[in-house]
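Me: I would like to learn how to read a structural model feature by feature, with the general idea placed before each case. Could we go through one together?

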Amino acid sequence: MNPTLQNWLADEIQGLKDQHLYKTPRILESPAGGRVMMDGKSVINLSSNNYLGLANHPKVREAALEAVEKWGVGAGAVRWIGGTMSVHQELEERLAKFKKTEAVLVFTGGFTANSGCIPAVLTKEDVVISDELNHASIIDGVRLSPAAYRKSEGWVYGHKNMDELEDCLQRAQGFKKRMIITDGVFSMDGDIAPLPQIVELAEKYDAFVMVDDAHASGVLGKNGAGTASHFDLYGRVDIQLGTLSKALGVIGGYIAGSASLKEWLINRGRPYLFSTAHPPMVAAALIAALEIMENDPEPMRKLWDNARKWKEMLHGAGFDTMGSETPITPVVFGEEKAAQLAEKLLWEEGVYALAIVYPTVGLGKARIRTMPNATHTDQDLEDALKAFIKVRDAVKAAV
Ligand SMILES: *Cc1c(COP(=O)(O)O)cnc(C)c1O
């Protein structure tokens, strides 16, 4: 082992610990759900993206098992070198219908969909204009592109600030192409991008729009078709990213848009070109998940019912949820130390929910991020609220 590397790793890890940024995963010992076994303890899980409970749905499990029997477990190659099975193609055709777009291209994750699509559609003559709270995978995708994008050069607008976006667009007229990119639902605050205004500005200033609907897929719009559907902007959002890993319960990401966009990404999307296709059971499970979303309104109804109930319960007890409009519900604790202590005490009370602190969010805006989903029972939510109240009192006394 190279001592220079090992010493550097040790110093950096210590640095993370000193700054309270060091992470260790807890181990889930049961299927994903509202109440789970984690690190040997039964807890209410308020941190899962399994919005609709599809990760362990009997029909989705069954489809995966049948696909293993039919296809085996691996695709054996990247998509364009014989790794595209008819089950992958069927998934893309069904997703395109669901999204009401000409075409869909599936990547192995939402992260790779961003890092594949964004640099593929940009050149050094272009500019990317971003909301300051965009997700890490958007930021990484943008960094892989040769386009202008830096905050220091004025290409990042304040969160949902449409005046600043318009100012960026006015200054960007010298570039060949202008791309506006935003989360559809913001993953830390749970608020929704003002997509109608963004689309109008884009049309006014000859820009194209990409929306990352990772947290809107299965949550917003018709049967969970996303923010473009939610705002009835069919045909006016150039590039929509969806994830297949969150509400759809399995794994994957996709880009929905025009047929020529798909053609281009097949030829220029590097994760598509150089990383192996999904196992066929993944595609089959996703088709089953999509079918449930299209035909069974119950999981989405239950998700929103629980989201509303949970917010009302928190407000009734005097908690601040920062204007969240979706199931992602931040519970404000303010000080970094307070939120971190709250996370620890909530765990002791049987609730798994993580503190989000600076630098992920602003100083003094530390919070516990909670995500009620369709698998939580009334009892789960009542027990969780009791834990939050108890923990708030303990934190007040300690900090
Ligand atoms: C989770 C997430 C992704 C990544 O999706 P995966 O399918 O988990 O790789 C991308 N964008 C946003 C906004 C996300 O929240």
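Reply: What follows is a set of questions and replies about this model, which is predicted.

Me: Let us begin with the ligand: which of the residues around the ligand come nearest?

Reply: The shell around the ligand holds 13 residues, and Gly110, Asp212, Thr243, Ser245 and Lys246 come nearest. Sorted by class, that shell has two nonpolar, eight polar and three charged residues.

Me: Which side chains have a polar atom beside a nitrogen atom of the ligand, and how much of the ligand's accessible area does the protein cover?

Reply: The idea is to look for pairs of N or O atoms within 3.5 Å. In this model, an N or O atom in the side chain of Asp212 is 2.6 Å from a nitrogen atom of the ligand, a polar side-chain atom of His135 lies 3.3 Å from a ligand nitrogen, and for Ser137 the distance between a side-chain N or O atom and a ligand nitrogen is 3.4 Å. On its own the ligand has 380 Å² of accessible area, of which the protein covers 85%.

Me: Now a residue away from that topic: is Asp126 buried or exposed, and which polar contacts does its side chain make?

Reply: A residue counts as buried when its relative accessible area is under 20%. Asp126 has 0% relative accessibility, and therefore counts as buried; its place is in the loop between α4 (110–120) and β4 (127–131). The side chain of Asp126 joins that of Lys177 in a polar contact of 2.7 Å, and a polar atom of the Asp126 side chain also lies 2.8 Å from the backbone nitrogen of Thr123.

Me: How should I read the backbone angles, and which residues other than glycine have a positive phi here?

Reply: As a general guide, most residues other than glycine have a negative phi, and most peptide bonds are trans. Against that background, His20 has a positive phi near 55°, and Asp39 has a positive phi near 45°. His20 is found in the loop between α1 and β1 (35–38), whereas Asp39 lies in the loop between β1 and β2 (41–45). With 56% relative accessibility, His20 counts as exposed, while Asp39, at 36%, counts as partly exposed.

Me: And which residues does a cis peptide bond join?

Reply: Tyr358 and Pro359 are joined by a cis peptide bond, with omega at about 10°. Pro359 is placed in the loop between β12 (354–356) and β13 (366–370).

Me: Turning to the surface, which residues form a nonpolar patch?

Reply: A residue can enter such a patch only with over 30% relative accessible area. The patch here is formed by Leu5, Trp8, Leu9, Ile13, Leu16 and Tyr22, which together have about 540 Å² of accessible area. One of these residues, Ile13, sits in helix α1 (residues 3–18), and because its relative accessible area is 36%, Ile13 is partly exposed.

Me: Finally, how far apart are the C-alpha atoms of Ile266 and Gly350, and where is Ile266 placed?

Reply: Separation along the chain and separation in space are two readings to take together. Ile266 and Gly350 are 84 residues apart along the chain, and their C-alpha atoms are separated by 46 Å. Ile266 belongs to helix α9 (residues 259–268) and is partly exposed, with a relative accessible area of 27%.

Technical notes:
Residues are numbered from 1 along each chain as its sequence is written. This is a predicted model: local features need pLDDT of at least 70, side-chain atom pairs count only at pLDDT 80 or more; totals for chains, interfaces and linings use all residues. Side-chain values use heavy atoms; hydrogens and water are left out. A residue is near a molecule or strand if one of its heavy atoms lies within 4 Å of it. A polar contact is a pair of N or O atoms within 3.5 Å; within protein, one must be able to donate a hydrogen and the other to accept it, and residues adjacent in sequence count only if both atoms are side-chain atoms. Accessible areas come from the Shrake-Rupley method with a 1.4 Å probe; for residues, only the protein chains shown count as cover. Ala, Val, Leu, Ile, Met, Phe, Trp, Tyr, Cys and Pro count as nonpolar, Asp, Glu, Lys and Arg as charged, and the others, Gly among them, as polar. Patches are made of residues with over 30% relative accessible area and no salt bridge: like charges are joined within 9 Å, nonpolar side chains (Val, Leu, Ile, Met, Phe, Trp, Tyr) within 5 Å. A salt bridge is a side-chain nitrogen of Lys or Arg within 4 Å of a carboxyl oxygen of Asp or Glu. Helices (H or I, at least four residues) and strands (E, at least two) are DSSP runs, numbered from the N terminus. Buried means under 20% relative accessible area, exposed over 50%, partly exposed in between (1.4 Å probe, protein chains only).
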